[in-house]
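Let's walk through this model together, one feature at a time. Keep the structure open beside the text as you read.

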Protein chains: 2
Amino acid sequence: MSGIPGYDFGDESVPAAPISMAEFERLKDTVMWSDEDDEYLRMAGETLEPQVDDMLDRWLGFLANFEFMNDYRRDVDTGELIEEYGDRSRPRYGQWIRDTCDTPYDEDWLDYQFEIGRRHHRTKKNETDDVNAAPHIDLRHITPLIYLHTATVREFLQNGDHTEAEIDKMYQAWFKSIVLQVTLWSYPYTKDGDW
Amino acid sequence: MSGIPGYDFGDESVPAAPISMAEFERLKDTVMWSDEDDEYLRMAGETLEPQVDDMLDRWLGFLANFEFMNDYRRDVDTGELIEEYGDRSRPRYGQWIRDTCDTPYDEDWLDYQFEIGRRHHRTKKNETDDVNAAPHIDLRHITPLIYLHTATVREFLQNGDHTEAEIDKMYQAWFKSIVLQVTLWSYPYTKDGDW
């Protein structure tokens, strides 16, 4: 219904998360989550909404510096960057910013985090966009992006009408969420019983 | 030689890292590492040295709030917290702060990160301290601690004779290092070819 290609958040086709909401609450505890973080992420969502395209330009521009990152988006037969892949996945990347700020997180949100993990892992990479790119993104090239996706957000949070204290609270809540999400995305990469 | 129980950094008993220094440099690139980060981590090391015990109290105090975290340190037969385990591992935890600040990172440092991963994973948990605790720490209870180990450091970095700009640069370098290290620690948890 969103009009975003392959964006299946809340759709019944998305498998249920392999952990309960109670275990999810424990993970939130380990990133020091509080109700205040829910509140400040909603505030962040309002501040970031008009800047979504600028954020994507910043992040995609950074990733494009690296040939080994570009390789994940090339056709494995022709070696060409797949333009349609970028065109289809970019709006999902933008929606991910909105979903990160759309608190409190419910079961649909949790289920979809595991779907995002599968779409980076060989379980399901390329399937959503029906492309012939590399079949898998290595976990060691995903976890480090916690830094990119957190540190660069601070400058965008500053482009609003908020106090320094509010900006810091939005940043902390965002940071917690990114760490939490990368934790969930690692599920399909992990050996049985190790996650 | 350090006198720290089970601290084998630089020892020939530590297996070589499964990645080359060239691949390690790529991972540093993905956390936006620069030579300046090496410099500011050394500055952080001087600032944090007199506060190592306070940092450990803060972190261990946080973790002790959670029964599922305490379970990793209990004797699986008696259910009691293993005092000797804490006594032996605490100085290694403190040394980890120093090693995080001891830049630039060399091959011994890289090798030892994978050893730290094995010691949390079922490959080698308990072996170093010869204890009868839970045989494995789940990855989903490790990655979230990026937040704890980063956000709380800022307050300790402020307890020195540095400008706000220097404090921020020390914090950013520390943040990058923590993300990089957790990336490396995830290696033994990951399915063959997925890391």
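Arg26(A) is partly exposed, at 30% relative accessible area; here buried means under 20%, exposed over 50% and partly exposed anything in between, with a 1.4 Å probe and protein chains only. The side chain of Arg26(A) meets that of Glu23(A) in a salt bridge, with 2.7 Å from N to O. A salt bridge here is a side-chain nitrogen of Lys or Arg within 4 Å of a carboxyl oxygen of Asp or Glu. Both residues sit in helix α1 (residues 21–30) of chain A, and because they are three residues apart, about one helical turn separates them. Helices are DSSP runs of H or I with at least four residues, strands are runs of E with at least two, and both are numbered from the N terminus. Unlike its partner, which is partly exposed, Glu23(A) is buried, with a relative accessible area of 8%.

A word on the ground rules: this is a predicted model, in which local features need pLDDT of at least 70 and side-chain atom pairs count only at pLDDT 80 or more, while totals for chains, interfaces and linings use all residues. Residues are numbered from 1 along each chain as its sequence is written, chains are lettered from A and ligands numbered from 1 in the order in which they are written, and side-chain values use heavy atoms, leaving out hydrogens and water.

Glu23(A) also leads us across to the other chain. Arg140(B) forms a salt bridge with Glu23(A), and their closest N and O atoms are 2.7 Å apart. Between chain B and chain A the count is four salt bridges. The contact, meaning heavy atoms within 4.5 Å, takes 42 residues from chain B and 42 residues from chain A. About 3,800 Å² is buried between the two chains, and carbon and sulfur atoms give 64% of that; buried area is the accessible area (1.4 Å probe) that two parts lose on being put together, summed over both. Arg140(B) appears again here: together with Thr30(B) and Tyr147(B), it supplies 20% of the area that chain B buries against chain A, more than any other three residues.

Back within chain A, look at helix α3 (residues 52–63). Its twelve residues reach 17 Å from first C-alpha to last, close to the 16 Å expected at 1.5 Å a residue, where the expected span is 1.5 Å times one less than the number of residues. Which residues of α3(A) are buried? They are Val52(A), Met55(A), Leu56(A), Trp59(A), Phe62(A) and Leu63(A). These residues cover an arc of only 135° around the axis, which puts them on the same side of α3(A); the arc is that of the directions from the helix axis to the C-beta atoms.

Helix α3(A) also takes part in a salt bridge: the side chains of Arg90(A) and Asp53(A) meet at 2.8 Å, N to O. Arg90(A) lies in helix α5 (residues 83–101) of chain A and Asp53(A) in helix α3, so the pair ties together parts that are 37 residues apart in sequence. Arg90(A) is partly exposed at 24% relative accessibility, and Asp53(A) is partly exposed at 48%.

In chain B, Arg92(B) forms a salt bridge with Asp129(B), with the closest N and O atoms 2.7 Å apart. This pair links helix α5 (residues 83–101) to the loop between α6 and α7 (145–151) of chain B, again across 37 residues. Arg92(B) is buried at 16% relative accessibility, and Asp129(B) is buried at 6%. That same loop of chain B holds Asn126(B), whose phi is near 80°, a positive value in a residue other than glycine. Asn126(B) is buried, with a relative accessible area of 12%.

Now turn to helix α6 (residues 107–120) of chain B, where Glu115(B) lies. Is Glu115(B) buried or exposed? It is buried, with a relative accessible area of 1%. Leaving aside residues up to four places away in sequence, Glu115(B) touches Val14(B), Pro15(B) and Lys124(B). The C-alpha atoms of Glu115(B) and Trp185(B) are separated by 8.0 Å, although the two are 70 residues apart along the chain.

Helix α9 (residues 164–185) of chain B has 22 residues. Of these, 17 are buried, so the helix is largely enclosed by the rest of the structure.
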